[in-house]
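Student: Could you take me closely through one strand and its surroundings, and then relate that part to the nonpolar core?

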Amino acid sequence: MTIRSKRGTGQKYSGRAPARQGPPLQVPGEYFKLVPQGAALAVVRVGPDQRQCPSGEVLTRQQLEELLWRNSIPTVTSSALSGYLNSLHSLPGFESHAPGPFSLNPGMTPLSRSDWRGNLGELSAQRGGMIPQQDLNAVRHNHPIFDLRDYRGGLNSVKTSVRSADARGDPFETYLRGLRDIVGLRPETYERARAVLYPEIPAAEGRALMLRNGYVSVNEDHVESFRAALRNPDNYRKPSYREVADKLLEMEPVRIGGTVYRAYQNLENTRRGTGTPAEVRQQAESALSSLREKIASRVRGNGITTPHLVNLERFRQQVATANPHMTPAEVNRWVFPELLMVARHGGGMRGNAVASGIAGGRSAAGGAMVSVAFEGGWLFYEMFDGQEPVVAPRLVKAVTAGGTSGLVGGATQNLVTANAGSAVAHKLVGQGVSARLATGTGRAVGGFAGGALAAPVFTMTSLALDGEEHSRADYVATGTRAFVSGGLGSAVAAGVVGAIWGSEVPFLGNAVGFIIGFAGYYLVDALTGEQVEQGVRRNLDGPPGGRR
């Protein structure tokens, strides 16, 4: 770690520890030396062979901490890492951005409800991958046919449906309309889409690109069943299916022998013809099967399932019934992403358990990655300084401490924010309190809970894995210190970011939250950390100046 004196131009520390008479104190633990780097001092861990350094620069952990405290030099303890891990967004991309479209009134007509569900489906498809897809409706309002464009140039028409497979009529009617659109069976609309997407190339080339790159995204639980319907030759007796195949054959005809086929039925007649040679019949069958497979390959998942859509719509109706006078903007301020994730998975105990598990797992992965990054940087510095650190065990400890604290903090923060945090924000919004203040206060409640548990878990796990003996006072004192600093630091991060950006926090908000969480932890720990830790030690009659 790097430390800087708070005393400005006053009395300065020389960069060397005070000379000691006789051999160094034999206090079990790590040994350090201070290396001047401009206006700062770097604390470097030293090996066993350097402990008897005659210059007096080698310090035990206790001597180092006493020296820093005596010279009013602030430090950032290892548990600061977990103190702001919770400001890394632990939610999936859909929930992070869902409060806006969810808060819109779905209406009572089938069309308005379909549009409301469609907005959620588009958001889910847009945020479902590692790289968000471009929203074409933001480029042009109500973009023709296609809703999204992925980083590879694929054109995505997103459809959602809550019809069951045993419904009367074709259960995939909505998806089939989307499939017909992406192959150009509405020529005027197709031409408008081409003019928006490819205005600078010839029309024929633009249409060919749309046909090659277009696909339709359907409910995740309908993907395989819709693909199976498109592979089923019996369905191509229906004009709605056969016309899709004809459009593809029109652009890419099939040649068998000396005959060119541009219509599905012509291929089918050849396959079934009594006078058709066996070899030609087999080629026709293969071409038809390949064509149906090509059509089925145009179907992908939009990332949301039918039960999830039904759960969210039911929850939206409950919100509207309980808050008839609230505007969508007001609903958006207290329906947090964490609450939506609970509602998406059915609400109640099961919804909370599933949502907390998802958030905890994502936070554990993030915590482990950040911990390894920090520890890796420190290891690199030590190797650059000529030391030979034991790499693997320290990385394993970093993964364990960061992952464990992330799991506990993420799950706790999601659970508290979804319930107590949203309830607090809802009450404040209902009382006419500023929307920003209401959101910030509600999110601060969850932030405090997550940070207050994650930070001591990280600290005490690190103590347990460092290979040294620690007293009960060490665990309790450092854990309490991390509880206070981590809780208040994370509350500041969550509250400030929530007040600025609301319940939807874009990537920049996450980055700012990360910085604010670190600064909040540092501030609280610098002001109260030492007093809290030493106060606990005195109450427990433990040794002063223990490890942090």
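Tutor: A residue is called buried here when its relative accessible area is under 20%. With that cut-off, and keeping in mind that this is a predicted model, we can turn to strand β7 (residues 155–158), where L155 and S157 point one way while N156 and V158 point the other way, and all are buried. In a regular strand, side chains alternate between the two faces of the sheet.

On one side, β7 pairs with strand β6 (residues 148–149) in the antiparallel sense over two bridges, and in this pairing R149 stands opposite L155. The hairpin of β6 and β7 has five residues between the strands, and G153 takes a positive phi near 95 degrees there. Strand β8 (residues 214–218), by contrast, runs parallel to β7 and is joined to it by four bridges, with G214 of β8 standing opposite L155.

L155 also leads towards the core, since M210 has it among its contacts beyond four places in sequence, together with F146, I182, Y190, A193, R194, L197 and Y198. M210 and F146 are, in turn, among the residues that touch the most other members of the largest nonpolar core, which has 40 residues, and L179, F226, L230, L267 and I295 belong to that group as well. Helix α13 (residues 278–296) supplies the largest share of this core, six residues. A second, separate core of 23 residues includes W116, I304, F315 and M326.

Definitions and conventions:
Residues numbered from 1 in each chain as written. Predicted model: local features only at pLDDT ≥ 70, side-chain atom pairs only at ≥ 80, totals over all residues. Heavy atoms only, no water. Core = buried A, V, L, I, M, F, W, Y, C linked by side-chain atoms within 4.5 Å. Buried < 20%, exposed > 50% of the residue type's maximum accessible area, 1.4 Å probe, protein only. Contact = heavy atoms within 4.5 Å. Pairing = 2+ DSSP bridges.
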